[in-house]
Amino acid sequence: MNWQEERDATLREARCVVVKVGSAVLSTGSELNLPVLDNLVNQLAVLSRQGRRVVLVSSGAVAAGRTALKKLPGEPAAVGLSGKQAAAAVGQMGLAQAYEEHFGRHGIKTAQVLLTHANLADREQYLNARMTLIELLGLGIVPVINENDTVVTEEIKVGDNDTLGALVTNLVEADVLVILTDQRGLFTADPRSNPDAEFVQFAQAGDPALEKMAGGAASTLSKGGMITKILAAKR
């Protein structure tokens, strides 16, 4: 069996799937992109109807918050650490509401779960989160998980939800983690500056060469980049 056949078989047989989507995918650059969110939900609803357990790790709170803040007098810019935290606090409400509405069109209930890496580093909190998520999945509910950006300042500055997606995958013992991106995938070098860069179709997680290939974040809203996806796969 070659890697493509193995990949297809793994995806076909997976009973529990974690999907991570980032701000670069979910936003237009300044606000939440609802058509993209709707398309994503439609695809996840298909997985759910197939009897698979679906967990969504979603960024986008800051983008959704900026959309809401634009409607306030003076249009706050939501810049700087406290501005992003405020946007995240406001946007988390809108993001959860958007997912609830769009999943609801398919008759699927959602639950909002805010986690920090510290929660998952504490054994008792880890087990509590695990039991809650497993209970939700058993009820056919799609947990929508995000980093608690309002209290985890270091995550706003340098953190990412790719790592959180990997942690959640291990937490619920999912069969597959799918990380969505607005890029084609991993290249041997940055294709934007190196015309000789080659697309990497398959790789083994943990290969040190992969980390050398990956660059930084590509947008002001994205907190990760290809390197965080490589490290998430390794984790």
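These questions and answers walk through a predicted model.

Visitor: Which residues have the most contacts inside the largest nonpolar core?
Guide: This core has 28 residues. Strand 1, helix 2, helix 3, strand 2, helix 4, helix 5 and strand 4 each supply at least two of them. Those with the most contacts inside the core are Val 21, Leu 37, Leu 44, Leu 56, Tyr 99 and Phe 103.

Visitor: Which helix gives the most to this core?
Guide: Helix 5 spans residues 80-104. Its contribution is six residues. The helix that gives the most is helix 5.

Visitor: What is Leu 37 in contact with, leaving aside its neighbours within four places in sequence?
Guide: Leu 37 is among the residues with the most contacts inside the largest core. Its partners are Leu 26, Leu 32, Leu 95, Ala 98, Tyr 99 and His 102.

Visitor: How many residues are in the second, separate core?
Guide: Val 57, Val 113, Leu 167 and Ala 174 are included in it. The count is 20 residues.

Visitor: Why is helix 4 largely enclosed by the rest of the structure?
Guide: Its cover includes helix 5 and strand 4. Ala 61, Val 62, Ala 63, Ala 64, Gly 65, Arg 66 and Leu 69 are buried. Helix 4 is largely enclosed because the buried residues number seven of nine.

Visitor: Which residues of strand 3 point to the buried face?
Guide: In a regular strand the side chains alternate between the two faces of the sheet. In strand 3, Thr 110, Gln 112 and Leu 114 point to one face and are not buried. Pointing to the other face, and buried, are Ala 111, Val 113 and Leu 115.

Visitor: Do strands 3 and 4 run parallel or antiparallel, and how many bridges join them?
Guide: Leu 115 stands opposite Glu 147 in strand 4. The two strands run parallel, and the bridges joining them number six.

Visitor: How far apart in sequence are the parts that Trp 3 and Phe 202 tie together?
Guide: The ring centres are 5.4 Å apart and the planes are at 25 degrees, so the pair is stacked. Trp 3 lies in helix 1, and Phe 202 in the loop between strand 5 and helix 10. The parts are apart in sequence by 199 residues.

Visitor: Is the aromatic pair of Tyr 99 and Phe 103 stacked or tilted?
Guide: Tyr 99 is buried at 0% relative accessibility, and Phe 103 is buried at 0% too. Their ring centres are 6.2 Å apart, with 40 degrees between the planes. The pair is tilted.

Visitor: Which residue lies over the face of Phe 199?
Guide: The distance from the ring centre is 3.9 Å. The residue is Arg 184.

How values were computed: Residues are numbered from 1 along each chain as its sequence is written. This is a predicted model: local features need pLDDT of at least 70, side-chain atom pairs count only at pLDDT 80 or more; totals for chains, interfaces and linings use all residues. Side-chain values use heavy atoms; hydrogens and water are left out. Buried means under 20% relative accessible area, exposed over 50%, partly exposed in between (1.4 Å probe, protein chains only). Helices (H or I, at least four residues) and strands (E, at least two) are DSSP runs, numbered from the N terminus. Two strands pair if DSSP finds at least two bridges between them. A nonpolar core is a set of buried Ala, Val, Leu, Ile, Met, Phe, Trp, Tyr and Cys residues joined through side-chain atoms within 4.5 Å. Contact means heavy atoms within 4.5 Å. Rings of Phe, Tyr and Trp (its six-membered ring) pair if their centres lie within 6.5 Å; planes under 30 degrees apart count as stacked, over 60 as edge-to-face and the rest as tilted. A charge sits over a ring if NZ of Lys or CZ of Arg is within 6 Å of the ring centre and within 35 degrees of the ring normal.
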